[in-house]
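Please open the structure in a viewer and keep the sequence panel visible. The tour proceeds by selection.

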Amino acid sequence: MDKFTNSAWFMRIVAFALAALLFISINFEMESDKKSLGLSTAPEISTETIENVPVEVYYDRENLVVSGVPETVDVTLKGAKSLLINAKNQRDFKVYVDLSDPAISMGDRTVTFKISDLNEKLVATIDPEYAEVNVQERVTKEFSVEAEYNSSLLEEGYTAGQPTVSPKTVKITGAKDAIEQISYVKANLEISKGLNETVNSKATVKALDRDLNKLDVTIEPSSVAVSLKVSIPSKTVSIAPKQTGKAKDGIRITSISVDPKEVTLFGSETSLEKIDEINLPVNISKIDGDTELELDLNKPDSVQKMSLGKAQVKIRTEKVDVDEENAEPVVEEEEPETEQKQEEQVVEEKPEPEEEDEPAAIESKTFSNIQIVPVGIRDDQDAELESDVTSITLLGEADDLKKITKDDINLTVDVSNLDEGTHDVDLAVTVPEGVEWELDSKTVSVTITQKEEET
């Protein structure tokens, strides 16, 4: 053993082994130090595209308007994968366009996108690389707002007035060129089909050029309150009871009256023009005496609606002696007489003509200060009558006139189709059946004015 350890070859082998261990140890420590200092071997290089990166624009916002800069761009980064992942997750870099130079000229120009706050070891490529922008003087101007709506959405028979807006004007700010192109400032009222009531809503304001293209401007306020009054034409007509059927034996109908005497109809103007009264059929075949009924009013097909659907009917009767009314005169038989005697009798007993029933005397009765009631006044108008009372003279039989009071007389004037101004309008007269009437004047002067808008 001592001989082997003392040999030269043994010493050489041991020395070589120690040298190898020393080399490995030193290299391992160097690699560790390089890694700790970031001096490891070349890292893996990758690329990463980050889409929709916001673009910031630096310029004098008080005096200038810049257009044409895209809101976002795509950025492709190249570098170490670990740095790429961090940049993508953090997004702590910025893409911008710098137009902050006070001496910048107006008009069209090409600008380059720039990037800041990006790790120096990453290389960035921006898509697009350039932008064609327009620099204009910033202008603010006041415009009136016009409200609009789709009139075809109104329910049949209904009409709408002119829509009103509040506030009536808005301030629009934008590039001078854009402001000069403004031809219309609209607030479109969005309504649903079958509109049949007044609408109060908010509407967004838009600035449009002459071709109705929307302009890129700032509007203050951006929305306004819009009011659209929706109504339906109306007409007040009388209710006319019409007797149907045959009265029972022994019963005579002396009068039929209805309460109320009028009903207001709603519908298109053309439909209402054709209607002057509403007939109310009253069947008298089952009437035994004085009776009060509640009957349905029949709505004409051309009318949208009526102010009421039923009316009270009063029927007045009297008893009649059936035997006397139906009895036939009794003819007594006489003995035959000679021709001469008959002639004498004819001469001597020539019957005197029967006295016919004289017609009842027609009398008159005058009522003063009868109120004239305007009907059909639109919501946006006022109606003023030159005189709202008048006198009326009724002509008829004395018994009929005694029963009539002021409450049985209605005088109305229809103003539903009148425009602003003064008009002579015919009076509509409703009086009990069986009497005639006379007026000093069958027309009345009516002045229509537009209501002032509430502020």
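The stops below cover a helix surface, a short polar contact and a sheet.

The model is predicted: local features need pLDDT of at least 70, side-chain atom pairs count only at pLDDT 80 or more, and totals for chains, interfaces and linings use all residues. Residues are numbered from 1 along each chain as its sequence is written, and side-chain values use heavy atoms, with hydrogens and water left out.

Begin with helix α2, residues 8-36, which contains Leu18 (helices, H or I, of at least four residues and strands, E, of at least two are DSSP runs numbered from the N terminus). Leu18 counts as exposed because its relative accessibility is 54% (exposed is over 50% relative accessible area, buried under 20%, partly exposed in between, with a 1.4 Å probe and protein chains only). Add Val14 and Leu21 to the selection: with Leu18 they make a nonpolar surface patch of about 280 Å² (patch residues have over 30% relative accessible area and no salt bridge; nonpolar side chains are joined within 5 Å, like charges within 9 Å; a salt bridge is a side-chain nitrogen of Lys or Arg within 4 Å of a carboxyl oxygen of Asp or Glu).

Next, select Ser271 in helix α5, residues 269-273. Ser271 has a relative accessible area of 13% and is therefore buried.

Finally, display the open three-stranded sheet, ordered β19-β24-β22 with antiparallel pairing (strands pair if DSSP finds at least two bridges between them). Its edge strands, β19 (251-259) and β22 (291-296), each pair on one side only. Eight bridges join β19 to the antiparallel β24, residues 310-319. Select Val258 to locate its bridge partner in β24, Val313.

Terms used: Areas by Shrake-Rupley, 256 points an atom, 1.4 Å probe, with all protein chains shown as cover.
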